[in-house]
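Trainee: I have a new model open and would like to go through it. Can we take it piece by piece?

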Amino acid sequence: MTEQLKVLIVEDSEDDALLLLRELRRGKHKVLFERVETPASMKAALARERWDIILSDYVLPVFGGLEALKILKKSGQDLPFIIVSGKIGEDVAVGAMKAGAHDYIIKSSLRRLVPAVERELREAEVRRERRRANEELARFHKKLLESEARYRLLYERNPAGVFLDEMDSNRLNARRVDCNHAYARIVGYDSREELLGQDVTPIFYSEEDRKAYLDLLLKKKNLADHELRLRRKDGTPVWVIVSSVIRQDDARTFIDGTFLDITERKRLESQLHQSQKMQEIGQLAGGIAHDLNNILAPIMMSTSILRNKYTDDEDQSVIDMIGENTKRAGDLLNQLLLFARGTGGERQILKAPELISEILKMITETFPKSIRIITRLSQDLWPINGDSIQLEQVLMNLCVNARDAMPDGGILSISVENVPIHEESAGLRRQSAVGPYVAFSVTDTGHGISPEIVDRIFEPFFTTKEIGKGTGLGLSSAYSIVKAHAGFIDMHTEIGKGTEFKVYIPAAKIIEPAKTEQKEEETLTGRGELVLVVDDEPRILQIIRMVLERHGYKVMTAENGAEAIAAYSKCREEIRVLIIDMMMPVMDGEAAIEDLRQRDPHLKIIAVSGLPEPNVGGMAHALLRKPFTREELLKSLHEVLITAA
């Protein structure tokens with residue numbers, strides 16, 4: 001062997017040590033050695049050098065071979081230890097071997113030294129390799145355990161639901177093999193143990209949902225970001241987005257996957273869709289309102305002309321009926337448009353019975369016959385000052401909620417009464433002020449509202465209804481509307497017996513208008529002033545021309561903004577007032593007014609619109625809403641001319 005052999009010799013005789021070295025060199029070993037004969041020198045040598053083997057005499061003056069063996073063990077080094085002694089009995093040798101020596105050699109038989117050393121070196125190498133392998137295996141097991149611990153930690157703390165299902169032999173259903181706590185929480189269970197080993201069918205919202213999901217997964221083998229509707233333990237739906245894969249293990253088929261709860265996202269998407277739909281309805285209603293008001297406007301103004309022409313009582317009655325119904329049609333049209341756009345109209349003095357009457361017309365025709373409707377209206381109800389559209393929305397929302405609380409039928413009671421609130425009772429209601437109120441009560445005999453959610457019912461977007469059946473904005477909007485009317489809402493509910501909502505609106509303070517002399521029609525007559533009338537509807541141009549010319553005005557007409565600018569350029573000095581529709585083709589009213597304002601900042605302008613909330617701003621001196629009467633047209637024109645004088 002050519003490799004250097006490092007030998008630590010524990011021997012008090014230098015000559016005996018040289019004999020050992022000579023024998024090793026005969027065996028072709030290059031030897032690096034050190035001889036020690038005391039415990040201290042041995043400890044120092046072990047600490048200083050990395051030895052290949054130790055050759056030790058059994059008996060030394062200071063200490064012996066067994067003590068040397070103990071020193072080696074305490075050092076923690078695993079080295080071959082061979083006892084070489086001049087004279088040793090068999091029992092002593094066996095005791096030394098049991099103590100940890102690897103071999104013993106009699107000094108008179110040193111020919112065995114080299115084979116014994118080489119054998120022990122080989123076995124030492126085997127032991128080192130085995131030890132390294134064991135250490136590597138231990139490190140691997142440690143990493144595996146740490147990895148499993150990290151995996152379990154991630155598995156348990158993962159906010160996503162993680163699951164492993166095993167499909168049955170015919171692949172028509174599956175059972176839950178494993179899942180994490182997030183999975184159990186999302187589907188409404190207290191612990192994952194409730195789900196392990198169970199059939200997966202109960203967590204699907206319907207049999208159709210389960211079958212469609214499994215069929216699609218088996219077909220594609222891998223689903224990513226698939227939206228699925230599940231059922232919570234309490235029966236309520238929950239939407240999840242699931243990613244899952246089919247895994248085959250011999251004859252067994254597994255579904256490995258994760259999902260996230262997207263119920264809130266679906267709810268917000270539904271609300272956004274509803275908002276966009278209402279916006280589209282509002283835009284459509286705006287166009288319809290403009291066209292229908294263009295139809296109603298000539299009818300409305302024609303009634304005034306017919307009233308002067310046909311003076312018979314019967315004719316007058318028919319003309320009045322035409323005028324009243326035309327005005328009512330215009331009001332209803334504007335109400336529908338305001339409701340579609342989610343905005344309110346003007347505040348005015350309202351009578352509670354009329355509000356309730358409108359609500360009853362809608363609910364008696366649309367609510368199930370299994371719901372009996374009862375109304376109780378007190379006598380001499382005080383008037384209120386409010387927006388009829390918004391207050392009808394509040395009452396209608398409460399009625400719809402009452403209907404939904406009675407799926408199997410029941411009694412819906414609507415009552416109205418005068419309620420004076422004094423200082424004592426106002427103290428009990430933090431939102432109320434002292435004064436007279438009109439209280440609208442909507443009561444049902446439904447299931448009632450759970451105490452756990454009573455405090456949240458007026459929160460925006462909070463709803464207990466399924467997605468698509470409620471936005472969570474009804475009671476929130478009702479609360480905001482009532483608060484804007486300086487009122488408040490009281491609620492009383494009892495599980496299994498029903499719920500009562502009571503809306504308090506302040507009574508109006510009626511001020512009798514001062515009696516003034518009505519202007520004679522002659523005061524609304526013109527004196528030959530030239531008026532430029534612009535509208536894209538020929539019938540409106542025709543009737544306005546007829547009315548104005550019969551009342552002393554001169555009239556020029558144009559059918560769009562571009563024609564209006566051209567007409568004004570020709571007769572700029574003569575034109576006193578511009579009457580212009582805001583919605584027209586080619587060039588609308590706003591663009592035409594902006595152009596004419598630059599030509600003449602002092603031009604008097606009356607804007608006309610078929611929309612309930614036209615964007616007029618400060619660009620006009622007056623606004624006429626279609627349909628308008630002859631008197632409204634003449635009065636508006638007269639007032640604009642007076643301000644110009």
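Mentor: We will go from overall figures to the sheets, the core and one loop residue. Keep in mind that this is a predicted model.

Trainee: How many helices and strands does the protein have?

Mentor: The secondary structure comes to 17 helices and 22 strands. Of the 645 residues, 42% count as buried.

Trainee: And what about the surface, how much area does the protein expose?

Mentor: About 36200 Å², with carbon and sulfur atoms supplying 52% of it.

Trainee: What share of the contacts joins residues at least 24 apart?

Mentor: That share is 66%, counted among contacts between residues at least 6 apart in sequence.

Trainee: Sheets next. What is the strand order in the open sheet that contains β7?

Mentor: The order is β7-β6-β10-β9-β8, and the pairing is antiparallel. β7 (174-179) and β8 (222-231) are the edge strands; each has a single partner, so one side of each has no neighbour in the sheet. On average, neighbouring strands here are turned by 35 degrees against each other, direction ignored.

Trainee: Which residue stands opposite arginine 229?

Mentor: Tryptophan 239, in β9. β8 and β9 (residues 237-249) pair in the antiparallel sense over 8 bridges.

Trainee: Which strands does helix α7 lie across?

Mentor: Helix α7 (residues 207-220) lies across β6 (161-167), β8, β9 and β10 (252-261). The helix runs at about 170 degrees to β8.

Trainee: OK, other sheet. What is the order of the strands in the one with mixed pairing?

Mentor: That open sheet has 5 strands in the order β12-β14-β15-β17-β16. Its edges are β12 (371-377) and β16 (488-494), and each has a single partner strand, so one side of each is left without a neighbour in the sheet. The twist from one strand to the next averages 15 degrees.

Trainee: What packs on that sheet?

Mentor: α11 does, touching β12, β14, β15 and β17. Its direction makes about 30 degrees with that of β15. As for pairing within the sheet, β14 and β15 are antiparallel over 9 bridges, and serine 415 stands opposite serine 441 in β15.

Trainee: Now the largest nonpolar core. How many residues does it have?

Mentor: It has 34 residues. Those with the most contacts inside it are Ile363, Ile384, Cys399, Leu412, Phe440 and Val503. Elements giving two or more residues to this core include α10 (352-366), β14 (410-421), β15 (435-444) and β17 (498-506). α11 gives the most, with 7 residues.

Trainee: What is phenylalanine 440 in contact with, leaving aside neighbours within four places in sequence?

Mentor: Its contacts include Ala352, Leu355, Ile384, Leu395, Val416, Phe501 and Val503. Ser415 and Lys502 are also among them.

Trainee: Moving on. Are β18 and β19 parallel or antiparallel?

Mentor: Parallel: β18 (residues 530-534) and β19 (residues 554-558) pair over 5 bridges. Leucine 530 stands opposite lysine 554 in β19. Together with helix α14 (residues 538-550), the two strands make a right-handed β-α-β unit.

Trainee: Last one, arginine 527. Where does it lie?

Mentor: Arginine 527 lies in the loop between β17 and β18.

Trainee: Buried or exposed?

Mentor: Arginine 527 is exposed: the cut-off is over 50%, and its relative accessible area is 79%. Its C-alpha atom is separated by 8.5 Å from that of histidine 551, and the two residues are 24 apart along the chain.

Definitions and conventions
Residues are numbered from 1 along each chain as its sequence is written. This is a predicted model: local features need pLDDT of at least 70, side-chain atom pairs count only at pLDDT 80 or more; totals for chains, interfaces and linings use all residues. Side-chain values use heavy atoms; hydrogens and water are left out. Two strands pair if DSSP finds at least two bridges between them. Helices (H or I, at least four residues) and strands (E, at least two) are DSSP runs, numbered from the N terminus. Axes are lines fitted to C-alpha atoms, for helices over the stretch in contact, and angles run from 0 to 180 degrees between N-to-C directions. Contact means heavy atoms within 4.5 Å. A crossover is right-handed if, with the strands pointing away from the viewer, the path from the first strand over the helix to the second runs clockwise. A nonpolar core is a set of buried Ala, Val, Leu, Ile, Met, Phe, Trp, Tyr and Cys residues joined through side-chain atoms within 4.5 Å. Buried means under 20% relative accessible area, exposed over 50%, partly exposed in between (1.4 Å probe, protein chains only). Accessible areas come from the Shrake-Rupley method with a 1.4 Å probe; for residues, only the protein chains shown count as cover.
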